[in-house]
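I opened this notebook to go through one model element by element, noting what I looked up and what I found.

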Amino acid sequence: MKNKKEKGEVLMDQNEKSGMSYIFIYTTFPTKKSAKKITKKLIKRREIVCANIRKHTAVYVYGGKNYDEKEFGCIFKTREDKWTAVQSFVLKKHPYETPVLMKVQIDDSNAGFWNWIDENLD
């Protein structure tokens, strides 16, 4: 997305934007390579417009055992109408047996952000 701010751009509630609903989807991956592979496929399929991928440490319990490992958190930017397709694709292709997939509703943003999502998903 361009870093240039439109002059006079204001925040816009998503309800003011043609009734569309926008979301972030959070998931994690064991490697940067696996995160980028799935992200690129979702973008090609026009199911997401962007993903922020960041390395972090995950401390968790799985199968009764404690873990402390590096992994990559990923935030997908998309619309609500793409949720089912993204969820289905990620669950089929994800390297984890039980990946996290959290949908987060976006209540407010600048109109340029909404437009950018719409222009690249339709």
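I begin with a term that I need below: a residue counts as buried when its relative accessible area is under 20%, and as exposed when that area is over 50%. I also note at the outset that the model is predicted.

**Entry 1, cysteines.** I looked for disulfides and found 0 in the structure. C50 is in no disulfide, and the nearest cysteine sulfur, that of C74, lies 8.9 Å away. Why is there no bond for C74? The closest cysteine sulfur, in C50, is 8.9 Å from the sulfur of C74, which is too far for a bond, given that a disulfide needs the two sulfur atoms within 2.5 Å. I then checked accessibility: C74 has a relative accessible area of 0% and is therefore buried, and C50, at 17%, is also counted as buried.

**Entry 2, nonpolar cores.** I turned to the largest nonpolar core, which has 15 residues, and I noted that those with the most contacts inside it are I25, L42, F76, V86 and V90. Strand 2, helix 1, strand 4 (65-79) and helix 2 (83-93) each give two or more residues to this core, and helix 2 supplies the largest share, 4 residues. I listed the contacts of I25, leaving out residues up to four places away in sequence, and found C74, I75, F76, T78, W83, V86, L101 and M102. A second, separate core has 9 residues, including C50, F113, W116 and I117. For background, I recall that nonpolar side chains tend to be buried together in soluble globular proteins.

**Entry 3, T28.** I located T28 in strand 2 (residues 22-29) and asked whether this residue is buried or exposed. Its relative accessibility is 6%, so T28 counts as buried. Beyond residues up to four places away in sequence, T28 touches H56, E71, F72, G73, H94, Y96 and V100.

**Entry 4, strands 3 and 4.** I followed the pairing of strand 3 with strand 4 and found that it is antiparallel over 13 bridges. One of the positions I looked up was N52, whose bridge partner in strand 4 is I75. The hairpin formed by these strands has 2 residues between them, and within this hairpin G63 takes a positive phi near 60 degrees.

**Entry 5, R46.** I looked up the backbone of R46 and found a positive phi of about 60 degrees, although R46 is not a glycine. Most residues other than glycine have a negative phi. R46 sits in the loop between helix 1 (32-44) and strand 3 (50-62), and with a relative accessible area of 35% R46 is partly exposed.

Definitions and conventions:
Residues are numbered from 1 along each chain as its sequence is written. This is a predicted model: local features need pLDDT of at least 70, side-chain atom pairs count only at pLDDT 80 or more; totals for chains, interfaces and linings use all residues. Side-chain values use heavy atoms; hydrogens and water are left out. Buried means under 20% relative accessible area, exposed over 50%, partly exposed in between (1.4 Å probe, protein chains only). Contact means heavy atoms within 4.5 Å. A nonpolar core is a set of buried Ala, Val, Leu, Ile, Met, Phe, Trp, Tyr and Cys residues joined through side-chain atoms within 4.5 Å. Two strands pair if DSSP finds at least two bridges between them.
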